[in-house]
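User: I would like to go through this structure slowly, one question after another, and see how each answer is reached.

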Amino acid sequence: MLGLRLYMLQRLSALIMAPLTLGHLAVMIYAIQGGLTAAEILGRTHGSVLWFLFYGSFVLAVSVHAAIGLRVITSEILKLGESSLDLLTWALALFFLFMGARAVMAVTLL
Amino acid sequence: MDVSVWRGDEHAGEFEHFKVPMQESQTILDVVSWIQQNQDPTLTYRYACRVGMCGSCAMMVNGVPRWTCRTHVKKVLDGDKLEVAPLRNLPVIKDLATDMDPFFDKWVQAEGLHHPSKTRHDAIEPILHDSPGREAASAGIECINCSACYAACDTVAGNPHYLGPAALQRAWTVYNDSKDADKQSVLDAVSGAGGCHNCHTQGSCAVYCPNDLSPMNAIAGLKRASAASFFKRRK
């Protein structure tokens, strides 16, 4: 259900997510100090390659990480076969990627 | 004391109650034997050495796996009640005897066997007792194959293909043997869909091992070694 390749993908995606999550929290706390509106935030993120790459890579890592994690949970609860699990993992990864990419594009594209 | 004993086979069964007299220094295996000798000769169970070496007599006692020949009644009695059932995660043959085949088949699947590096004509290679590999192997070598860890493991319960703590600990022991010539085949065997990477590190194996071994540490070692080999192979 979880071979070496998926295990490594989940660990490596966690390695990417950890600093990005800390960065996200740090910027949020710092930026909110003086009061900030949604329009002001979007003014800074729209057209920013840096924020596109920051949240884009986060969404990529989340899609891989969460899909594998849900694969394990689903497998142990529903006892699905290996091919159904593969299908579910890919479907979840693509779903998270689509939802995340939509949000990142809305916030960072002009 | 009031003893509930599981009676049945792989299809169906239920607990049957027996009144058993308390005795000094009484073990769970003594209780089961007393029932079979005095109350119901058809009660089926398995034991051999009676001294904690052969690993035959493990059963679920009050819901947890124990070696029954070395478990004293007074240590586990719940009021005056005792519940004895066949090992979890294994098919029941009859009453308290389980089919151990899946457990031992997985020892073979985990490649827990010696791959010779020398012939009978070579001199015996000296192994320092305090070398890191020897110490890692020694930590797991006292396993008596009782399957208490396998019965305690929730990952086995959730994933029937999972090799289980005992087989993986055996693989880790072989991996650390400096006389073993094919360590990569061990890593390959424990890296599949039922391999060491499915372990959630819950630690039930280490809690319930009657010999105080820690298969969980062995599995962590296999995860580290296989992760390292993952990068080496890609260079």
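User: At roughly what angle do the axes of helix α1 (residues 4-32) of chain A and α3(A) cross?

Analyst: We are looking at a predicted model, which should be kept in mind throughout. In it, the axes of α1(A) and α3(A) come within 8 Å, and their crossing is left-handed. Among the residues that meet there are Leu6(A) and Leu9(A) in α1(A), with Phe54(A) and Phe58(A) among those in α3(A), and by class the contact has 12 nonpolar, five polar and no charged residues. The angle at which the axes of α1(A) and α3(A) cross is roughly 140°.

User: Are α3(A) and α4(A) roughly parallel or roughly antiparallel to each other?

Analyst: The axes of helix α3 (residues 49-78) and helix α4 (residues 82-108), both of chain A, come within 8 Å and cross at roughly 155°. Angles over 145 degrees count as roughly antiparallel, and therefore α3(A) and α4(A) are, with respect to each other, roughly antiparallel.

User: Why do the buried residues of α3(B) line one face of the helix?

Analyst: In helix α3 (residues 101-109) of chain B, the buried residues are Phe103(B), Lys106(B) and Trp107(B). The face turned away from this buried side carries the exposed residues Asp101(B), Asp105(B) and Val108(B). The buried residues line one face of α3(B) because, seen down the helix axis, they fall within an arc of 110°.

User: Which helices are included in what covers the buried residues of α3(B)?

Analyst: The residues to be covered are Phe103(B), Lys106(B) and Trp107(B), which are the buried ones of α3(B). What covers them includes two helices of chain B, namely α5 (148-152) and α7 (165-175).

Note on methods. Residues numbered from 1 in each chain as written. Chains lettered and ligands numbered in written order. Predicted model: local features only at pLDDT ≥ 70, side-chain atom pairs only at ≥ 80, totals over all residues. Axes fitted to C-alpha atoms, helices over the stretch in contact; angles between N-to-C directions. Helix = DSSP H or I, 4+ residues; strand = E, 2+ residues; numbered from the N terminus. Parallel < 35°, antiparallel > 145°, perpendicular 65-115°, else oblique. Left-handed = near helix turned anticlockwise from the far one by under 90°. Contact = placed C-beta atoms within 7 Å. Nonpolar A, V, L, I, M, F, W, Y, C, P; charged D, E, K, R; others polar. Buried ≥ 20, exposed ≤ 12 C-beta atoms within 10 Å, placed from the backbone. Arc of directions from axis to C-beta.
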